[in-house]
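Me: I'm new to this structure and would like a close look at a single part of it. Could you walk me through the zinc site and the sheets around it, step by step?

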Amino acid sequence: MTESSPKDAAAVILLRDQTDPTNPAVFWVRRSEKLSFLGGFHAFPGGKMDPPDTQVEVANCNDAETAAAISCAARELFEEVGVLLARGVETLTKGQRASVLDDLDSGRMSWPALLGHYGFYLDADDFTYVGRWVTPPFSAKRFDTWFFLAHCPTKQEPSVTTDGELESGEWISARAAFARWQGSEVLAVPPVLHALQTLSAGLTGDLVSRFLATPNAHREPTRRIEFRPNYICFPVRTPTRPPATHTNCYLIYTSSEILVIDPGSPYEEEQQALAECISELIAEGRTVREIILTHLHPDHVGGVNALRNFLAGNVTVAAHQNTAEILGGEIPVNRLIVDDELITLQGSPTIALRAMHTPGHARGHLCFYEERTGTLITGDNIVGLGSVLIDPPEGHMHDYLNSLRRMRALPNLSVLFGGHGPAMANPQAKLDEYIDHRLDRESKILAAVQSGCATPAAIVANVYTDVSPKAHAMAERAVLAHLEKLESEGLVSTTPDGTYRPI
Ligand SMILES: [Zn+2]
């Protein structure tokens, strides 16, 4: 499985005109909850490069790659929040700018044609380069994003346009924005948090060098991702199911303890990288409380024994009884976790995780919910990329839907941390999508049986028309899971020769 190569993208950290240089205000936006990638996250205006972006000349810039990135950044800023950062626009009224934006949005003019037509041009002096960040490889969608710092022109005021990608936007001081992340009120990716933290120290003479003072600002992917304070997502490479290439290990920490969830990699270098990260947390005065397993699959437990050895055998491994029984002697589990158990970490902040037995993907599957911040560790019940396999007899569709509904009913739910892919800041929308998707499939499967499809293979051919034939064997397992559920509900029956018919 090859990892997809990152696509070029650009973003603008827009500073408010005449802002307080000791605590500058930036314009941040909230991504729509409907977006499958980073839906609900707070971010800066930006997006992926379009081929025409490379056809724009940029004054004071003699490097074609940088010019294309500036062009992309300026176009995205204009499209998403209506600010046109170009020379020659100073005399335009608000209405004229809106009409120019309409030329672009409607497709009447391409970006380069529009700039040329109105006699506008971009100037590199208006865009200060502050780093390039690459999405960690846990994501199928990966970007190599150029970040630029820019001052909002005096007469322009950003506001989120109606293109549907963004939900809202506002000016906020860098410190207030960072405090909202610290208070677990918002989710943001590492480059956004880095920018807010850097700006919090003020618009000093060494501002740009502070932005660039981390290898992550030079395209080295972040390994330790803290979407939410005290919850480290540490993706490790695993032999998992495509499109995923990594499994997320979670390190939840307080001032004195660390909880490790799903150290899944069987590969030595990945185990070492994880051990190093844990060592850093230990060096700051913490101990590892225990290793917890969400479920039994190899891509979630492959690094348990190595980590136990690294910790000199001095650590408890905890899981649900069904998981412990199957893992047996290979990975000894020395503590059983039961439904509704509360795991409270020592130290600060207060972190108390409620274990939820949520079978469906696997019989002993556990999720963990922290009510204070609305954080849910979902294991493989909900994932940030790809789909969840329900493969009987370990997989059980009736249980799975019940588990999804139980998660949906949680009060205060604000983020889902899945076993694969980025965090999901749109938990209700995501859970509704999962439930609706399964019910939709189920009604089609029932209709297929009623129209005479009698075997899982025939049903797959009839219903899974959107799935590539390569995935049909897997789809048959999912159909079987649906048929078992429909049978238990008295809607279909099996004949002695193993075929299905409606009741
Ligand atoms: Zn799994």
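Reply: Happy to help: what follows starts at the zinc ion and then goes through the strands, helices and rings that can be linked to it by name. Please keep in mind that this is a predicted model.

Let's begin with the metal. Which residues hold the zinc ion? The protein donors are His 295 through NE2, His 297 through ND1, His 361 through NE2 and Asp 380 through OD, and they lie 2.2 Å from the ion. Written along the sequence, the spacing of these donor residues is H-x1-H-x63-H-x18-D. His 295 sits in the loop between E14 and helix H8 (298-301), while Asp 380 sits in the loop between strand E20 (375-379) and helix H11 (397-408), so this pair ties together parts that are 85 residues apart in sequence. Both His 295 and Asp 380 are buried.

Why is the arrangement around the zinc ion called irregular? The 4 donor atoms subtend angles of 87 to 172°. Four donors count as tetrahedral if all angles lie between 85 and 135 degrees, and the range of 87 to 172° makes this arrangement irregular. For orientation, ideal angles for four tetrahedral donors are 109.5 degrees.

The two loops just named lead to two sheets. Take E14 to begin with. This strand belongs to an open sheet of 7 strands, in the order E10-E11-E12-E13-E14-E15-E16 and with mixed pairing. The edge strands are E10 (225-228) and E16 (335-336), each of which pairs on one side only. E14 (residues 287-292) runs parallel to strand E13 (residues 257-261), and 5 bridges link the two. One place to look is Val 260, whose bridge partner in E14 is Ile 291.

Further along this sheet, the pairing is antiparallel in two places. E10 and E11 pair in that sense over 2 bridges, and Ile 225 has Cys 233 in E11 as its bridge partner. The hairpin of E10 and E11 has 2 residues between the strands, and Asn 230 there takes a positive phi near 75°. E11 and E12 also run antiparallel, joined by 7 bridges; here Tyr 231 has Ile 252 in E12 as its bridge partner. E11 is mostly covered, with 6 of its 7 residues buried. A helix lies across this part of the sheet too: H7 (residues 268-283) crosses strand E11 (231-237), strand E12 (246-253), E13 and E14, and runs at about 160° to E11.

Now for E20, the strand before the loop that holds Asp 380. What is the strand order of its sheet? The 5 strands of this open sheet are ordered E17-E18-E19-E20-E21, and the pairing is mixed. Strand E17 (342-344) and E21 are at the edges with a single partner strand each, so one side of each has no neighbour in the sheet. On average, neighbouring strands here are turned by 25° against each other, direction ignored. E20 and E21 pair in the parallel sense over 4 bridges, and Ile 377 stands opposite Phe 417 in E21. H11, the helix that follows the Asp 380 loop, lies across strand E18 (352-357), strand E19 (366-370) and E20, running at about 155° to E18.

Phe 417 is a good residue on which to finish, as its ring gives a link between the two sheets. The structure holds 13 aromatic pairs. Among them is Tyr 250 with Phe 417: the ring centres are 5.4 Å apart and the planes stand at 45°, so this pair is tilted. Tyr 250 lies in strand E12 and Phe 417 in strand E21 (residues 415-418), so the pair ties together parts that are 167 residues apart in sequence. Tyr 250 and Phe 417 are both buried. They are also members of one aromatic cluster, formed by Phe 41, Phe 227, Tyr 231, Tyr 250 and Phe 417. You have met Tyr 231 already, as the bridge partner of Ile 252 in E12.

To retrace the route in the viewer, start at His 295 and Asp 380 in their two loops, follow E14 into the sheet of 7 strands and E20 into the sheet of 5 strands, and end at the tilted pair of Tyr 250 and Phe 417.

Notes. Residues numbered from 1 in each chain as written. Predicted model: local features only at pLDDT ≥ 70, side-chain atom pairs only at ≥ 80, totals over all residues. Heavy atoms only, no water. Pairing = 2+ DSSP bridges. Contact = heavy atoms within 4.5 Å. Axes fitted to C-alpha atoms, helices over the stretch in contact; angles between N-to-C directions. Donors = N, O, S within 2.8 Å, 3.2 Å for Na, K, Ca; no water. Tetrahedral: all angles 85-135°; square planar, octahedral: opposite > 155°, others 65-115°. Buried < 20%, exposed > 50% of the residue type's maximum accessible area, 1.4 Å probe, protein only. Phe/Tyr/Trp six-rings, centres within 6.5 Å; stacked < 30°, edge-to-face > 60°.
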